[in-house]
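Biologist: Please take a close look at one part of this model for a first-year student. I would like to hear how two helices pack and what lies around them.

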Amino acid sequence: MSVQAERIILGIDPGTTVMGYGVIHIKQDKMTMLTCGVIQLHKYTDYVVKLKRIFDRTVSLIDEFKPDDMAIEAQFFGKNVQSMLKLGRAQGVSIAAALSRDLVVEEYQPRKVKQSVCGNGAASKEQVAAMLKTLLNLKTLPDQLDATDGLAIAVCHYFQTRLGVTNSGAKSWKAFINSNPSRVKK
């Protein structure tokens with residue numbers, strides 16, 4: 001992946017109760033926040049409806065802000081298998097939305113996001129939010145920490161790509177086709 005002088009990054013903190021997102025703009029190594037927020041999903045009882053809302057909102061963010069990349073928080077391993085499955089569905093739907101728009105997707109472990117933003121992989125959500133306030137020169141912080149988590153994922157992706165550290169492999173159909181023209185049947 002080539003690092004551009006100007007680009008837009010969408011960060012997604014997946015969830016089936018609350019999904020956080022943040023969009024940042026980078027121009028000449030200066031980061032600014034374009035938007036951040038959450039999608040409240042707890043009012044929906046049908047998980048299929050929740051997944052559709054996640055897909056639709058992710059697509060609408062992509063269509064509105066035209067990001068160059070999407071970064072998403074990877075699943076963490078927990079003891080509750082049902083929770084992990086639900087989170088995996090939410091993550092998969094967000095990734096599918098990005099792929100439907102030929103967007104490059106990178107995943108980051110929660111610890112990597114915190115390390116990248118705060119210098120401490122065990123930082124609290126509040127510490128991450130406070131650091132984002134400084135990094136993005138924000139006057140106030142969003143009410144929901146899931147929104148700042150979405151921003152943190154976008155900032156992490158910027159820092160990692162600026163340093164040339166990414167997860168390798170094609171992350172969109174367009175990238176896959178460009179990397180593997182012999183595998184495309186006409």
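Modeller: What follows is a description of one helix contact, then of the cores and of some single residues. This is a predicted model, in which local features need pLDDT of at least 70 and side-chain atom pairs count only at pLDDT 80 or more, while totals for chains, interfaces and linings use all residues. Residues are numbered from 1 along each chain as its sequence is written, and side-chain values use heavy atoms, with hydrogens and water left out.

Two packed helices are described by the angle between their axes and the distance between the axes. Helix α3 covers residues 110-118 and helix α5 covers residues 145-162; they pack at about 75°, with axes 9 Å apart. Here helices (H or I, at least four residues) and strands (E, at least two) are DSSP runs, numbered from the N terminus. The axes are lines fitted to C-alpha atoms, for helices over the stretch in contact, and angles run from 0 to 180 degrees between N-to-C directions. The angle makes α3 roughly perpendicular to α5 (65 to 115 degrees; under 35 is roughly parallel, over 145 roughly antiparallel, and the rest oblique).

On the α3 side, Lys-112, Val-113, Ser-116 and Val-117 make the contact (heavy atoms within 4.5 Å); their partners in α5 are Ala-152, Ile-153, Val-155, Cys-156, Phe-159 and Gln-160. Of the residues in this contact, seven are nonpolar, two polar and one charged. In this scheme Ala, Val, Leu, Ile, Met, Phe, Trp, Tyr, Cys and Pro are nonpolar, Asp, Glu, Lys and Arg charged, and the others, Gly among them, polar.

The largest nonpolar core has 23 residues, and Val-155 and Tyr-158 are among those with the most contacts inside it. Such a core is a set of buried Ala, Val, Leu, Ile, Met, Phe, Trp, Tyr and Cys residues joined through side-chain atoms within 4.5 Å. Helix α5 gives the largest share of this core, nine residues. Leu-136 touches Val-155 and Leu-151, and also Ile-24, Met-31, Thr-32 and Met-33, not counting residues up to four places away in sequence.

A search of the whole structure finds one aromatic pair. Its members, Tyr-158 and Phe-159, are tilted, at 5.7 Å centre to centre and 40° between the planes. Rings of Phe, Tyr and Trp (its six-membered ring) pair if their centres lie within 6.5 Å; planes under 30 degrees apart are stacked, over 60 edge-to-face, and the rest tilted. Tyr-158 is buried, at 2% relative accessible area, and Phe-159 is buried at 13%. Buried means under 20%, exposed over 50%, and partly exposed in between (1.4 Å probe, protein chains only).
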